[in-house]
Amino acid sequence: MWTRSLPAGLAGLVLTVSVALAAPAAPDDGALAPSQRTPEDRTQASDLTPSLAPADAAALLSTLSAAPAQLPGQPRDDVIVDVPENPADASIPLNLTPYHAIAPALRALQESDRVSVEIIGQSALGRDLHLVVVTDPMSDAEWTEWQRLSDLRSADPDAALAAMEAGEYDDWKSPLFVNSNIHGNEWEGTDATLQVLDELAFSSDAEVTELLDQHVIAMVVTNNPDGRIAGTRSNGNGFDINRDYITASQPESRAVRAQLIRYDPLTMLDEHGYTGTTLIEPTTGPHGENYEYDLYIRQAIRNGLAMEEAVLGLGEPSVTEVNIPFRNQTDGWDDWPPIFTPMYAMYHGAVGHTVEIPHNPRDPELTPPERHELTRINTAVSRATIEANFAWAHENRMSLLADQLEIFRRGAAGESSRPIGDDLALSLALGDNAKTFLQDYPRAYVIPAERRGDTGAARLARFLLDNDVEVRQARRPFTAGGATYPAGSYVVDMFQAKRGLASTILDVGRDVTTNFPTMYDISAWSQASLWGADVATVPAGSALDGRALSPISAVAPTGYVPPGRPAHYGFAAGTLAGIQAVNTFVDAGVPVRRTASGVFAVPGSARSLVEDAAATYGIAFSAVGTAALRGAVAVDVARVGTSAPADELHALARMGFATTNVNAAGFNAGTYAFADFDALYVSTAGFDPRQLDATRQAAFAAWRAGGGSIVGRGASGWAFSDRAALLDVDLVDPREWNSANGIVAVTNDPASPVTGTASPSSFVSNPQHFTGLGAGVRVDQRFGDEGFFLAGHWIGHEAVAGQPVVVSGVAGGADVTLFATEPLYRSHPEGLFPQVANALWQ
Ligand SMILES: [Zn+2]
């Protein structure tokens, strides 16, 4: 609240400072390349700090230093500035709130002493994301006590349960969370949220004052302003944010993830549309195997029924039924992957629900009045679910808290999860929806860090910390489960409150092929299997000697530069950070070479850039003599012509490749030339080489003869190769496997420059494989033998054990590599990125 009393001229700096106080820099941006990071930093530096005289700044800083330290959960009020009016905002024709109208609405809410409005991050295109926190005002002392009880829940669930028994939580305001508009073209959750907030801010109804007396209500106004304005499902990077929560590759998911961790809310709604019939979760099976599902479902089914009653109680003639998938469907709407926001929130102890409002207002055949009527009804439905959820959570406050504490207690005690025992849930379940998997948790996971500068291990440890998972680090070598691990290893003790989340990150997952006929989205993900770090399992029942281990809250820097003046600096590039370092050197014009043994080297004269790379990417460099570089080849791929979807372009950008989307028409028109590119990456149908005119056909042949690299992925990559007569190979792409996906064991050719040092597992979606290999086509990677399918959903996978999935060869002088796997999928499998980098660098 203290920021509001400052002079208006200081607004910009206040904003910057308060952001810095309460929201430490988003730590796991995947160590973005500097070229990506700079614009964001520049935005913060210039846009948020308008002209401010030095004297004013000094006065302000003295004010700030006198202010009490901000508690993590204590809301602050940011200065909300207007953005220019945008007449093209897609909300306007729908008679809904355009993004530029949100700032004035939030300032109006700030007139209430119950309301704080925070800027919790920026979208992919740099637009502010707003969190509104509403509660009965509390003094700093009250917030300190609130924070203590809030933290106690996961820090010491036994103590929290005892405190609850003793009545200490009776006056504690429990947190409730609502997220809206994560799909930009599902607008009305935002409008409903603003209506609800207006009521909460200014109503004197007893219902409202009692609610605010006992809860901290946190609402994200829009999780996707880029999509709201453009009328797109995805954000400005082309990502579906509601597929990104367990990956957190996008700023929108990282911002809301931080708020979920900050509050560990008891309930969480994610407002969507449009499914014809209003849909309210809980879901069909299979249910995520790391939830304490028996505790979740007995709350979620009742909250769902309460929301249903409120929706039907609206009396809207077009809203006469509600689909609760757990009750109404037998399959197809599962909560298996924590890519979805409510499922991710469940790992932080929330009873999470996706809510789908009914009517699609996007049909171009609708007249404006018809469209406005649909959005009016949708807004009313969304509002009804939010208000009913609040009312139900308020009525069941202590029961919800008790179950959340029981989730955390089971984790901390290392107890097994349990089957559903709730009579109501069992009686309402349709089909197999009441079946749950009981996870077998190991005693611990260890991420060994024996090599100096193991950026893969550091990256995974940092990601775990960013997800509120407890991580310890070995001060000295230690033994667990019969294995000895080196000093520096990261240890995740599975006796912890959020062990479900730790497990979903570190376990490979499960093959659910035979459990349900269809799945809603992906069925496998795993940072342990797909992010390139080694992860060892300490079996259940083993002792874990805590004396060698210290809790950590941050990961120590891994970079190292040897002293002296070596002729060359060597480093490994088998991780995302290593690729980023290579591309930074190439961008800066530093000659990079790769030896036959896979060591990358830059000249000793590049010392200052080497120091930068050690600091920025955590690279540990070694001293390399000139003799060691005999036979080394230059790595100088900077510019990549692409025909690829948004997620793959994002992954290429994270690696530091400069990409330009190309097609035959652009080459023919002279918009760009083959000479503009060092490599091509093709995975969509947009670039048909047969459409190049005769001049460009000749230029393409000359470019290949000059040693260009071509990487193709999937059916379109293979088709590009086939149409350009590059590799003599066929692709098997069964239509019935369109929705199959999962993690597979693979066998790599150790002599392959693409996969020789690759991970033993990979990811497939719409699985394919190669066949009919002609002369000169090498197999770099195959599916493993029987049992190769490790996790996911893929009916019939047994038939393709051992089949080739990465192949390569030389065509007209060009190195060509084709992938049937998904090494860049949704920017998730970072440990597979080096295969693509290696192929581009050939
Ligand atoms: Zn949606």
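In the predicted model, Leu 464 makes contacts beyond its immediate sequence neighbourhood: with residues up to four places away left out, it touches Ile 447, Val 469, Val 471, Val 492, Ile 505 and Leu 506. Leu 464 belongs to the largest nonpolar core, a set of 140 residues. Within this core, the residues that touch the most other members are Leu 106, Tyr 169, Leu 200, Phe 390, Leu 464, Tyr 490 and Val 492. Val 492 thus appears both in that group and among the residues touched by Leu 464. A second core, separate from the largest one, comprises 45 residues, including Tyr 569, Leu 576, Val 592 and Leu 840.

At the level of the whole chain, the secondary structure consists of 26 helices and 34 strands. The radius of gyration is 27 Å, close to the 28 Å given by the globule rule for 842 residues, and the chain is therefore as compact as a globular protein of that length. The C-alpha trace extends over about 80 × 60 × 60 Å along its principal axes. Among contacts with a separation of 6 or more, 77% are formed by residues 24 or more positions apart.

With respect to solvent accessibility, 60% of the 842 residues count as buried. The area exposed by the chain is about 30,500 Å², of which 52% is supplied by carbon and sulfur atoms. Charged side chains comprise 56 positive and 101 negative groups, and the centres of these two sets lie 7 Å apart.

Technical notes. Residues are numbered from 1 along each chain as its sequence is written. This is a predicted model: local features need pLDDT of at least 70, side-chain atom pairs count only at pLDDT 80 or more; totals for chains, interfaces and linings use all residues. Side-chain values use heavy atoms; hydrogens and water are left out. Helices (H or I, at least four residues) and strands (E, at least two) are DSSP runs, numbered from the N terminus. The radius of gyration is taken over C-alpha atoms; the globule rule is 2.2 Å times the number of residues to the power 0.38. Buried means under 20% relative accessible area, exposed over 50%, partly exposed in between (1.4 Å probe, protein chains only). Contact means heavy atoms within 4.5 Å. Accessible areas come from the Shrake-Rupley method with a 1.4 Å probe; for residues, only the protein chains shown count as cover. Lys and Arg count as positive and Asp and Glu as negative; His and the chain ends are not counted. The place of a charge is taken as NZ of Lys, CZ of Arg, CG of Asp or CD of Glu. A nonpolar core is a set of buried Ala, Val, Leu, Ile, Met, Phe, Trp, Tyr and Cys residues joined through side-chain atoms within 4.5 Å.
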